[in-house]
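Work through the exercises below with the sequence and the model side by side, and try each task before you read its solution.

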Amino acid sequence: MNQVDETASNPSAAAPTGLRFEHHTPGGVALGIGTSAPRLSWQVPSADAGFAQGAYEVEVTRGDDEPEVVGVGSAEQVLVAWPARPLASRERVSVRV
């Protein structure tokens, strides 16, 4: 799975970084994660004073398909449930939070 870091395009935004799949460490491609619905984790390292996450969106792109965007009303950032349809064996997807 590929990760996309949005902070480069808008450094002042409260953007998530360090996207992880299950307990795999960030920084590159996560291969062979061993589950069809990996839990996701991320951090918001810097934000304006008083910022509190109230919801998030996960964008999952499979091959040449249109991205699937799922909105979740939650402040959770650690080991959140996979929001899209399950992954197939050997399937490659790009994920953005």
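**Exercise 1.** Is Gly73 buried or exposed?

*Solution.* Keep in mind throughout that this is a predicted model. The first step is to read the relative accessible area of Gly73, which is 74%. The second step is to compare this value with the cut-off, and because exposed means over 50%, Gly73 counts as exposed. The third step is to place the residue, and Gly73 turns out to sit in the loop between E5 and E6.

**Exercise 2.** Find which residues Gly73 is in contact with, leaving aside its neighbours within four places in sequence.

*Solution.* Once those neighbours are set aside, the contacts of Gly73 are with Gly54 and Ala55. As a further step, compare Gly73 with Glu57: the two are 16 residues apart in sequence, while their C-alpha atoms are 8.7 Å apart in space.

**Exercise 3.** Decide whether Gln53 is buried or exposed, and find which backbone oxygens lie by its side chain.

*Solution.* Begin with the location of Gln53, which is the loop between E3 and E4. Its relative accessibility is 15%, and since buried means under 20%, Gln53 counts as buried. Next, look at the polar atoms of the Gln53 side chain: one lies 3.3 Å from the backbone oxygen of Ser74, and the backbone oxygen of Ala75 lies 3.5 Å from a polar atom of this side chain. Finally, list what Gln53 touches beyond four places in sequence, and you will find Trp42 and Val44 together with Ser74, Ala75, Glu76 and Gln77.

**Exercise 4.** Work out which strands each supply at least two residues of the largest nonpolar core.

*Solution.* Start with the core itself, which has 16 residues, and note that Leu19, Trp42 and Val58 are among those with the most contacts inside it. The strands to name are E2 (17-21), E3 (40-43), E4 (56-62) and E6 (93-96), and of these E4 gives the most, with 3 residues. Then turn to Val58, whose contacts beyond four places in sequence include Leu40, Val70 and Val95.

**Exercise 5.** Which sign does phi have in Leu79 and in Arg90?

*Solution.* Recall first that most residues other than glycine have a negative phi. In Leu79, however, phi is positive, near 50°, and Arg90 likewise has a positive phi, of about 65°. Leu79 lies in the loop between E5 (68-72) and E6, and Arg90 is also in the loop between E5 and E6. As a last step, compare their accessibility: Leu79 is partly exposed at 28%, whereas Arg90 is exposed at 81%.

How values were computed. Residues numbered from 1 in each chain as written. Predicted model: local features only at pLDDT ≥ 70, side-chain atom pairs only at ≥ 80, totals over all residues. Heavy atoms only, no water. Core = buried A, V, L, I, M, F, W, Y, C linked by side-chain atoms within 4.5 Å. Buried < 20%, exposed > 50% of the residue type's maximum accessible area, 1.4 Å probe, protein only. Helix = DSSP H or I, 4+ residues; strand = E, 2+ residues; numbered from the N terminus. Contact = heavy atoms within 4.5 Å. Polar contact = N/O pair within 3.5 Å; in protein donor to acceptor, adjacent residues only side chain to side chain.
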